[in-house]
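Welcome! Have a look at the sequence and the 3D view below, and then we will walk through a few features together.

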Amino acid sequence: MHPHIRFTPENNELHLLDQRLLPGQEEWFICRTAKDIIFALQEMVVRGAPAIGVTAAYGCCLVAATADPVSPGWSRQVDQELNALAATRPTAVNLTWAVDQMRRVWRDRPHMSLEDLRQVWTEQAMALHRQDEANNRTMGVHGATLLRDNDTVMTHCNAGALATGAYGTALGVIRAAVEAGKRIHVLANETRPFLQGARLTAYELSKDNIPVTVCCDNAVGLLMTRGMVQAVIVGADRVAANGDAANKIGTYTVAVLAKRHNVPFYVAAPFSTIDFATASGADIPIEKRTPREVTHIQDKMITPPGVPVLNFAFDVTPAELIAAIITEKGVLKPDQLISFRSEF
Ligand code: MRU
């Protein structure tokens, strides 16, 4: 996969491969202001927790780039725009994590000029982007040891290069296993309603020649009954301190079925997705998205007019259903996370 998030510091533009249009069209959405970034995050031009974090970090750069250095109120304006950026999607903790990282360097040098802040933030955002890819590659090496040659691995949503700075979390583990010479077949659940599995996971794996088959979300039970799945690996939007993990709606259902059929269920997530301030999954905010994602397929309405719709974007898988959490620090049992609390 080629890079899908490209920042050009010379002119302060962020180019995002528009994920709303994949796989049919490869078009770039250009962000020049914080408003553009907020639109891109809310409308899911870019999505996936670590990719949201990387985009938000570059968003801070655009906030600084567009602030007026001669206005005495520039720092208040920057502060307000950062708050707006951090509020765009509630579940993916990488968003607030990334904005906090950027704020921290500002807080350490509060009297910095706007020009210096622009410079420091550009370096910081690019470093955060590089670090995300490095973490994913390390997670891949750790997680690949859990997969065997000829395994069929199910995944839900898209936790690949497109959902991160590069390489992917769940798909990073699969990529690393393939790079280590294992033959892995991927079952991508289609992931209604935004179809991250059918559109994005299938797109990026087929581009990399990794065998992938798309399945309807409601086929999971049958596939497991038939012994067609050896492992499940998913990403996460936020992992609570006790190891409960929020991920795309439907993940919990897959985890319950995996338990029933003795299929190991793994979560691949960097520490930027682990939220030690949230005690358990019950405290994780769950994003509700527009009914239109459910009522329409492209421009065609498929439900009767006036019928209400529930469109929760995420659910929470309790730690007891998770065999291990694959992180850049190694493969951990969910209850081992807490021992890393003081480090973060
Ligand atoms: O609504 P989305 O597409 O942003 O949801 C994304 C997911 O649920 C991913 O599985 C998660 O962010 C992990 S991405 C490495």
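Which residues come nearest to the ligand? In this predicted model, they are R47, Q196, D237, N247 and K248, out of 19 residues around the ligand. The points below start with that site and then turn to some unusual spots in the backbone.

**Who surrounds the ligand**

- The shell around the ligand is a mix of classes, with eight nonpolar, seven polar and four charged residues.
- Both domains take part: domain 1 (5-136) and domain 2 (146-340) each give at least three residues to this shell.
- Helix 2 (49-66) supplies at least two residues of the shell, and so does strand 9 (245-248).

**Polar contacts and burial**

- N247 has a polar side-chain atom 2.6 Å from an oxygen atom of the ligand.
- Q196 also places a polar side-chain atom by a ligand oxygen, at 2.8 Å.
- A49 makes its approach through the backbone: one of its backbone N or O atoms lies 2.8 Å from an oxygen atom of the ligand.
- How much of the ligand does the protein bury? Taken alone, the ligand exposes 410 Å², and the protein buries 100% of that.
- If you look for cavities in the model, the largest cavity is the space taken by the ligand.

**Unusual spots in the backbone**

- Some background helps here: most peptide bonds are trans, and most residues other than glycine have a negative phi.
- The bond between L22 and P23 is a cis peptide bond, with omega about 5 degrees. You can find P23 in the loop between strand 2 (13-17) and strand 3 (28-31).
- Another cis peptide bond runs from R192 to P193, where omega is near 0 degrees. Look for P193 in the loop between strand 5 (185-189) and helix 7 (196-207).
- Is the phi of M44 positive or negative? M44 has a positive phi of about 65 degrees, although M44 is not a glycine. This residue sits in the loop between helix 1 (34-42) and helix 2.

How values were computed. Residues are numbered from 1 along each chain as its sequence is written. This is a predicted model: local features need pLDDT of at least 70, side-chain atom pairs count only at pLDDT 80 or more; totals for chains, interfaces and linings use all residues. Side-chain values use heavy atoms; hydrogens and water are left out. A residue is near a molecule or strand if one of its heavy atoms lies within 4 Å of it. A polar contact is a pair of N or O atoms within 3.5 Å; within protein, one must be able to donate a hydrogen and the other to accept it, and residues adjacent in sequence count only if both atoms are side-chain atoms. Accessible areas come from the Shrake-Rupley method with a 1.4 Å probe; for residues, only the protein chains shown count as cover. On a 1 Å grid over the protein atoms alone, a cavity is a set of points where a 1.4 Å probe fits but cannot get out, and a pocket is an open set with protein on both sides within 12 Å along at least five of seven lines; lining residues have an atom within 4 Å of a point. A molecule sits in a cavity or pocket if more than half of its atoms lie within 2 Å of its grid points. Helices (H or I, at least four residues) and strands (E, at least two) are DSSP runs, numbered from the N terminus. Ala, Val, Leu, Ile, Met, Phe, Trp, Tyr, Cys and Pro count as nonpolar, Asp, Glu, Lys and Arg as charged, and the others, Gly among them, as polar. Domain bounds come from an automatic or database domain assignment.
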